[in-house]
Protein chains: 2
Amino acid sequence: MTVAYQGEPGAFSEEAARLLFGRAVRPAPLERFKDVFQFAAKHRSSYGIVPIENSVSGSIHQNTDLLLRHKLHIIGEVKLCVQLHLMALPGVSLKNIRSVYSHAQVLGQCEDFLRSRWRVNVVAYYDTAGAAKMIRERNRRNSADIESARAASAYGLKILRRNVESNHHNYTRFIALSGRRADPRVGKKTSLVFAARNVPGALCKALAVFALREINMLKIESRTLIGKPWEYLFDVDVEGLTADRRMQQALGHLDELTTFLRVLGSYLFGKTIKD
Amino acid sequence: MTVAYQGEPGAFSEEAARLLFGRAVRPAPLERFKDVFQFAAKHRSSYGIVPIENSVSGSIHQNTDLLLRHKLHIIGEVKLCVQLHLMALPGVSLKNIRSVYSHAQVLGQCEDFLRSRWRVNVVAYYDTAGAAKMIRERNRRNSADIESARAASAYGLKILRRNVESNHHNYTRFIALSGRRADPRVGKKTSLVFAARNVPGALCKALAVFALREINMLKIESRTLIGKPWEYLFDVDVEGLTADRRMQQALGHLDELTTFLRVLGSYLFGKTIKD
């Protein structure tokens with residue numbers, strides 16, 4: 001089973017793929033998120049995995065927009081608690097470090113640590129695991145990398161300082177994508193996107209299709225489309241499976257009340273896992 | 001009139017402050033967002049300005065959470081179209097550049113350009129304008145910076161490549177904060193936060209307080225509290241002013257139906273401005 005993800009071996013998305021699909025998974029690292037969506041759309045027996053939401057930095061709109069541009073289904077999710085550590089080659093100590101490498105987003109998540117501690121160059125690298133690989137391959141004894149403990153062991157680095165993330169309750173939610181729908185009888189959670197008419201009460205009416213049928217809402221977010229700033233769509237997660245008659249009726253009713261509706265998938269609730 | 005913001009002179013927030021408060025503003029650059037909130041809370045005749053939402057990367061939850069932790073009112077907003085340019089000292093050409101500096105978030109927004117063009121070190125700097133200052137002060141002829149055109153002129157840099165941002169429809173919404181409420185008779189938009197009971201229909205009922213009174217919704221987002229991942233609050237913007245009787249009744253009604261409610265402010269719609 002091949003699962004495409006963005007990044008280098010050892011990236012958080014690869015770990016998420018293993019947690020969701022098991023150790024037998026064949027990971028396919030790709031350069032951009034766009035590539036992951038294209039891969040999953042093209043290879044119908046394969047999957048893609050992408051981060052979609054972070055408890056600190058919010059929804060990853062780049063990927064919610066890519067979801068709308070591809071005919072893919074969400075077939076599963078997993079929430080990964082991100083713990084970030086400062087690591088370097090064995091034998092290197094904190095005082096040897098002149099440069100710290102990591103992904104720009106990871107560097108942002110460790111801003112308090114990086115600003116307060118000591119004077120180093122902070123260098124953005126396009127993959128956290130890519131930085132570890134570079135330090136190992138070029139034997140950089142004056143450089144450190146910030147990433148997950150798992151990636152450290154993958155490249156033989158030693159942890160110099162644990163949990164350098166500014167917020168210790170930092171979770172990322174990953175979703176698994178496939179060209180084929182998941183079995184509609186096993187899902188417990190349904191994700192959808194709709195556009196409501198821009199008149200008072202339109203959103204309230206749209207949500208009433210769930211409220212009137214006692215279907216619980218799990219998430220709602222109005223958002224702008226990339227390229228159309230401040231034009232709003234609604235991302236909604238509700239509890240229940242699409243095979244359920246009540247849910248089918250709610251979705252039919254929602255279709256009457258909205259100008260656009262797409263069901264992104266029905267899938268099992270993801271576990272929250274400490275990396 | 002003093003307006004505190006996060007960053008160095010020439011930062012986007014400073015430009016937003018000038019657009020909102022006029023050229024006579026006295027800008028007070030501070031190191032962290034937290035400092036901006038504290039400054040505005042302490043100096044009642046001064047203001048703070050922070051980015052709260054970006055059309056590409058989504059809501060800035062760090063600042064929405066800081067809003068809840070301080071007794072401040074939103075008194076205005078402005079939307080700034082972010083255009084990013086690669087710039088260096090006069091006389092320097094693209095082929096001389098070995099390092100590109102900018103804020104980690106800005107580097108992320110220019111990822112396509114930085115990955116595709118040529119081999120350079122990409123260095124995260126904690127302020128876009130801080131990188132321009134450093135290049136000027138240290139006369140770095142092999143370095144470039146990515147930032148707004150306005151910051152380039154502030155530090156005497158020349159633009160080497162225009163619009164290197166990956167998405168050319170990149171807007172940031174800034175809000176102005178004060179310890180004093182804005183005149184409740186002039187606002188056209190009201191921002192609030194509430195927590196609804198976690199039962200089916202609770203959100204629908206909460207939104208009905210606006211729908212039943214023909215009050216238009218402008219934004220809704222369920223979100224996790226930092227430190228309490230996956231526990232949801234709702235951020236809502238509605239059309240109308242708090243001095244309006246209908247709005248007061250809606251807010252009173254909402255208070256009956258929610259476990260927590262805070263009105264963040266009533267203010268005029270912000271203009272969208274190309275930097």
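## A tour through chains A and B

Start in chain B: β7(B) pairs with strand β9 (residues 143-147) of chain B in the parallel sense, over three bridges. This is a predicted model. Select S99(B) and you will find S143(B) of β9(B) opposite.

Stay on β7. Strand β7 (residues 99-102) of chain B also pairs with strand β8 (residues 121-124) of chain B. The sense is parallel again, over four bridges. Here, select V100(B); V122(B) in β8(B) stands opposite.

**Next stop: Y155(B)**

Select Y155(B). Look in the loop between α7 (149-154) and β10 (158-161) of chain B. Is Y155(B) buried or exposed? Y155(B) is buried, because 21 other C-beta atoms lie within 10 Å and the cut-off for a buried residue is 20 or more. Now show what Y155(B) touches: G10(B), A132(B), K133(B) and R136(B), leaving aside residues up to four places away in sequence. Then draw a distance from Y155(B) to A243(B). The two are 88 residues apart along the chain, and their C-alpha atoms are separated by 45 Å.

**Switch to chain A**

Colour chain A by secondary structure. Nine helices and 16 strands appear. Along its principal axes, the C-alpha trace spans about 65 × 40 × 30 Å. Chain A has a radius of gyration of 21 Å, which agrees with the value near 19 Å for a compact globule of 275 residues. Of the 275 residues of chain A, 49% count as buried. Turn to the contacts in chain A with a separation of 6 or more: 73% of them come from residues 24 or more positions apart.

**The core**

In soluble globular proteins, nonpolar side chains tend to be buried together. The largest nonpolar core here has 156 residues. Which of them touch the most other members? Select I49(A), L177(A), L207(A), I49(B) and L207(B). Zoom in on L177(A). Not counting residues up to four places away in sequence, L177(A) touches F37(A), A40(A), Y47(A), G48(A), V50(A), L72(A), H73(A), I74(A) and I75(A).

**Finish at the interface**

Show both chains. 39 residues of chain A are in contact with 39 residues of chain B. On the chain A side, the elements giving two or more residues are β4 (58-59), α3 (61-69), α4 (104-109), β8 (121-124), α8 (202-211) and β13 (217-225). Select β13(A) for the largest share, six residues. Last, colour that side of chain A by residue type: 19 nonpolar, 16 polar and four charged.

Definitions and conventions
Residues numbered from 1 in each chain as written. Chains lettered and ligands numbered in written order. Predicted model: local features only at pLDDT ≥ 70, side-chain atom pairs only at ≥ 80, totals over all residues. Contact = placed C-beta atoms within 7 Å. Nonpolar A, V, L, I, M, F, W, Y, C, P; charged D, E, K, R; others polar. Pairing = 2+ DSSP bridges. Core = buried A, V, L, I, M, F, W, Y, C linked by C-beta atoms within 7 Å. Buried ≥ 20, exposed ≤ 12 C-beta atoms within 10 Å, placed from the backbone. Rg over C-alpha atoms; globule rule 2.2 N^0.38 Å.
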